[in-house]
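Me: Please give a close account of a single position in the model below. I should like to know how exposed the residue is, what surrounds it, and how that neighbourhood belongs to the chain as a whole.

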Amino acid sequence: MLDAHCALLESSLGQISTAHDNLIEEAADDEPYRARRHELIEALIATLQSTSNLIEAAYGEDALAHFHLIDELPRSGEHLQQRTAQIVRTMRENPITEPSPHGFDLDFAPIAQKIEKQLAPLHEVLEDIRREAREIREAIDTFKSSVEEFDATYVAVSEAIHAFCLLARRPDLASILQYDTTEPD
């Protein structure tokens, strides 16, 4: 019977070890997505900055506000994605139609298309990162569940062995093995 209890504890401990290894492995496979996100953010910011320079050269600083390019560009992937979508939407739905005071007008449709084409991979990698975050949360939940299961198993086995010692008229051993299940203050 003691061997069965020992095997039960070892099995429960093995589940903790497996869950821990899975959690570590899951966390380790996220780096390529984060590196790719960083590259795409830097490239998109560079494109938006050069677009901003082009628009300002053609139409002046007021045009930057019209296209939401007056403020500093966000460094967060999610926020940059939202701002870029807003910029593209404005270029498509509300482009500047008055002539450039500097003598060269811009066609905003190809500019918007170029920016949108560059935005697509960022959207994909952000989806990958969200998926990876969900997988890490699931791995953490599995690890926590295995620890809780071990704790419950340990308490049950400890109480059973304590009871067996009392039945065997060995209160001295029972007192050593008694597991305190009360919560600390």
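Reply: Leu106 counts as buried, because its relative accessibility is 15% and the limit for burial is under 20%. This value, like the others below, is computed from a predicted model. Leu106 is placed in the loop between α4 and α5. Setting aside neighbours within four places in sequence, its contacts are Leu54, Ile55, Ala58, Tyr59 and Ile111. Pro121 gives a sense of distance along the chain: Leu106 and Pro121 are 15 residues apart, and their C-alpha atoms are separated by 26 Å.

Several of these contacts lead to helix α2, which covers residues 31-59. Ile55, Ala58 and Tyr59 are among the buried residues of α2, as are Leu44, Leu48 and Thr51. The cover over the buried residues of α2 includes α3, α4 and α5. The length of α2 agrees with expectation, because its 29 residues should span 42 Å at 1.5 Å a residue and its end C-alpha atoms are 42 Å apart. After α2 comes Gly60, with a positive phi near 95°.

Tyr59 also connects this neighbourhood to the aromatic residues, since it forms one cluster with Phe67 and Phe108. The whole structure holds three aromatic pairs. In one of them, the ring centres of Phe67 and Phe108 are 4.7 Å apart and the planes stand at 35°, so the pair is classed as tilted. Phe67 belongs to the loop between α3 (61-66) and α4, whereas Phe108 belongs to helix α5, so their pairing ties together parts 41 residues apart in sequence. Both rings sit on buried residues: Phe67 has a relative accessibility of 0%, and Phe108 has one of 2%.

The loop that holds Phe67 also holds His68. His68 is partly exposed, at 28% relative accessibility. Its phi is positive, near 65°, although the residue is not a glycine. Most residues other than glycine have a negative phi.

The contribution of α4 can be seen at Thr84, which lies in that helix (residues 77-93). Thr84 is buried, with a relative accessible area of 0%. Beyond residues up to four places away in sequence, Thr84 touches Leu44, Leu48, Ile115 and Leu119. Leu44 and Leu48 appear among the buried residues of α2.

On the other side of the loop with Leu106 is α5 (108-167). Asp107 caps the N-terminal end of α5, with a side-chain oxygen 3.3 Å from the backbone nitrogen of Ala109. The helix has 60 residues and extends 87 Å from its first C-alpha to its last, close to the expected 88 Å.

The other end of α5 leads to a contrasting environment. Arg169, in the loop between α5 and α6, is exposed, with a relative accessible area of 72%. Its phi is near 60°, which is again a positive value in a residue other than glycine. In the same loop, which precedes α6 (171-177), is Arg170. Arg170 is partly exposed at 38%, and its side chain makes a polar contact of 2.9 Å with the side chain of Asp172. Arg170 and Ala57 are 92 Å apart in space, C-alpha to C-alpha, and 113 residues apart in sequence.

The neighbourhood of Leu106 may finally be set against the entire chain. The secondary structure consists of six helices and zero strands. With a radius of gyration of 31 Å, well over the 16 Å given by the globule rule for 185 residues, the chain is more spread out than a compact globule. Its C-alpha trace spans about 105 × 30 × 20 Å along the principal axes. Of the 185 residues, 32% count as buried, and Leu106 is one that meets that criterion. The accessible surface is about 12,000 Å², with 53% of it belonging to carbon and sulfur atoms. Among contacts with a separation of 6 or more, 74% join residues 24 or more positions apart.

Conventions:
Residues are numbered from 1 along each chain as its sequence is written. This is a predicted model: local features need pLDDT of at least 70, side-chain atom pairs count only at pLDDT 80 or more; totals for chains, interfaces and linings use all residues. Side-chain values use heavy atoms; hydrogens and water are left out. Helices (H or I, at least four residues) and strands (E, at least two) are DSSP runs, numbered from the N terminus. Buried means under 20% relative accessible area, exposed over 50%, partly exposed in between (1.4 Å probe, protein chains only). A polar contact is a pair of N or O atoms within 3.5 Å; within protein, one must be able to donate a hydrogen and the other to accept it, and residues adjacent in sequence count only if both atoms are side-chain atoms. The expected span of a helix is 1.5 Å times one less than its number of residues. Contact means heavy atoms within 4.5 Å. The radius of gyration is taken over C-alpha atoms; the globule rule is 2.2 Å times the number of residues to the power 0.38. Accessible areas come from the Shrake-Rupley method with a 1.4 Å probe; for residues, only the protein chains shown count as cover. Rings of Phe, Tyr and Trp (its six-membered ring) pair if their centres lie within 6.5 Å; planes under 30 degrees apart count as stacked, over 60 as edge-to-face and the rest as tilted.
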